[in-house]
Amino acid sequence: MEKETVKPSGAPSSQVPALQETPSLPLPRPLPTALIVVGLGLLLAFLADMVALLPPQPQDVVWQVNVLERLFNEASIPMLALLAMLSGLWLSDALNGTKSRVFNAVLGGLALVFGLALLLAIPLYSNNVNRIYTFRKAEILNEKQLRKPEKGSELADQYDRALEELKANTFRNVFRFNANAGVVGVALVLLGVLGIRQTRKRPDVGFTCPTCKSGNVRLSQMNPTEKSLALVTRIHTFRCQDCGWRFRRWSLTGKPFTFLF
Ligand SMILES: [Zn+2]
């Protein structure tokens, strides 16, 4: 019996991709790598800086406030780090025609978690600062009561000034740090959403048709019953543009994906 041999037919297909190697974008090759390295460097520098706050004393309100102030103050560093790394990743994907789903998910998830943590830390910080303020105010008032300065005397003025200063400093800090955390937190959440979006097969579609698996899915025309159902439960009816199949999926925004991403 003769062995079957596979004859090489036509041009070897393995050599075809070599022709497409030149990128369509006039971008220098090292740019994505440089961005990723810079981002990684920034992230490591930020983490190294946070080591200074060890050992943790979670019971201590003053320690909590110090950590949060430092975190809020430097929050733009991890934001820029993640922005640089995600940009590098997207550029590299665009240049190579690839899609790094895992890295997009990891970096996007990191940005999302850190952004949400910053936003959730704002009420904690405000509450702690308020506790410290109340405590210090009581201290000053106590001391004033003990020393009983005469009304209008220099000592009485000193106490009044100390109280004013404490109040002004406290609220200036609360505003400054919370504004920083809020802005950076929102930016990081958006960055995270964009990163996680890149993990989808098509960036604008999350659901695929259950019968033909097509990604060409849009929100369908809904009758009044379906509309009122969607209003309350966020379960929307979608239609496959290819086979016409209608199906229901839970979607927060009514767009063909579950959440914002
Ligand atoms: Zn279909």
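A crossing of two helices is called left-handed if the near helix is turned anticlockwise from the far one by less than a right angle, and right-handed if it is turned clockwise. Keep that wording at hand for the helix pairs on this tour, and remember throughout that the model in your viewer is a predicted one.

**The whole chain**

Begin with everything selected and coloured by secondary structure, where you should find six helices and three strands. If you follow the chain along its sequence, these elements come in the pattern α-α-α-α-α-β-α-β-β. Of the 261 residues in the chain, 19% count as buried. Among the contacts with a separation of 6 or more, 70% are made by residues that stand 24 or more positions apart.

**Helices H2 and H5**

Now select helix H2, residues 61-73, together with helix H5, residues 154-197. Two packed helices are described by the angle between their axes and the distance between the axes. Here the axes come within 8 Å and cross at roughly 55°, and H2 and H5 are therefore oblique to each other. Turn the view until one helix lies in front of the other, and you can check that H2 passes H5 in a left-handed crossing. To see where the two helices touch, show the side chains of Glu69, Phe72 and Asn73 in H2, which meet Phe177, Asn180 and Ala181 in H5. Sorted by class, this contact of H2 with H5 has three nonpolar, two polar and one charged residues.

**Helices H2 and H4**

Keep H2 on the screen, hide H5, and bring in H4, whose axis comes within 10 Å of the axis of H2 and crosses it at roughly 135°. That angle makes H2 oblique to H4, because it lies outside the ranges for roughly parallel, roughly perpendicular and roughly antiparallel. The crossing of H2 past H4 is left-handed. On the H2 side, select Val61, Val62, Gln64, Val65 and Leu68, and on the H4 side select Ala121, Tyr125, Asn128, Val129, Arg131 and Ile132, which they meet. By class, the contact of H2 with H4 has eight nonpolar, two polar and one charged residues.

**Helices H4 and H5**

Next, hide H2 and show H4, residues 101-147, beside H5; their axes come within 7 Å and cross at roughly 170°. Since angles over 145 degrees count as roughly antiparallel, H4 is roughly antiparallel to H5. The contact of H4 with H5 has 28 nonpolar, 12 polar and four charged residues.

**A stop at Ser87**

Move to helix H3, residues 76-96, and select Ser87 within it. Ser87 counts as partly exposed because it has 17 C-beta neighbours inside 10 Å. Then add Ile36, which is 51 residues from Ser87 in sequence, although the two C-alpha atoms are 7.9 Å apart in space.

**Helix H6 and the residue after it**

Select helix H6, residues 224-233, which is hardly covered, for the count of buried residues among its 10 residues is zero. Just after H6, stop at Arg234, where phi is positive, at about 65°.

**The sheet**

Finally, select the three strands, which form an open sheet in the order E1-E2-E3 with antiparallel pairing. E1 and E3 are the edge strands, and each pairs on one side only. From one strand to the next, the twist averages 40°.

Look at E1, residues 217-219, which pairs with E2 in the antiparallel sense over three bridges; within this pairing, Arg218 stands opposite Arg239 in E2. On to the other side: E2, residues 235-240, and E3, residues 246-250, pair in the antiparallel sense over five bridges. Here the bridge partner of Arg239 is Arg246 in E3, while Thr237 stands opposite Arg248 in E3. E2 and E3 form a hairpin with five residues between them, and in the turn you can pick out Gly244, which has a positive phi of about 80°.

Which residues of E2 lie on its covered face, and which on its uncovered one? In a regular strand the side chains alternate between the two faces of the sheet. In E2, the covered face holds His236, Phe238 and Cys240, whereas the uncovered face holds Ile235, Thr237 and Arg239.

Conventions
Residues numbered from 1 in each chain as written. Pairing = 2+ DSSP bridges. Helix = DSSP H or I, 4+ residues; strand = E, 2+ residues; numbered from the N terminus. Buried ≥ 20, exposed ≤ 12 C-beta atoms within 10 Å, placed from the backbone. Axes fitted to C-alpha atoms, helices over the stretch in contact; angles between N-to-C directions. Parallel < 35°, antiparallel > 145°, perpendicular 65-115°, else oblique. Contact = placed C-beta atoms within 7 Å. Nonpolar A, V, L, I, M, F, W, Y, C, P; charged D, E, K, R; others polar.
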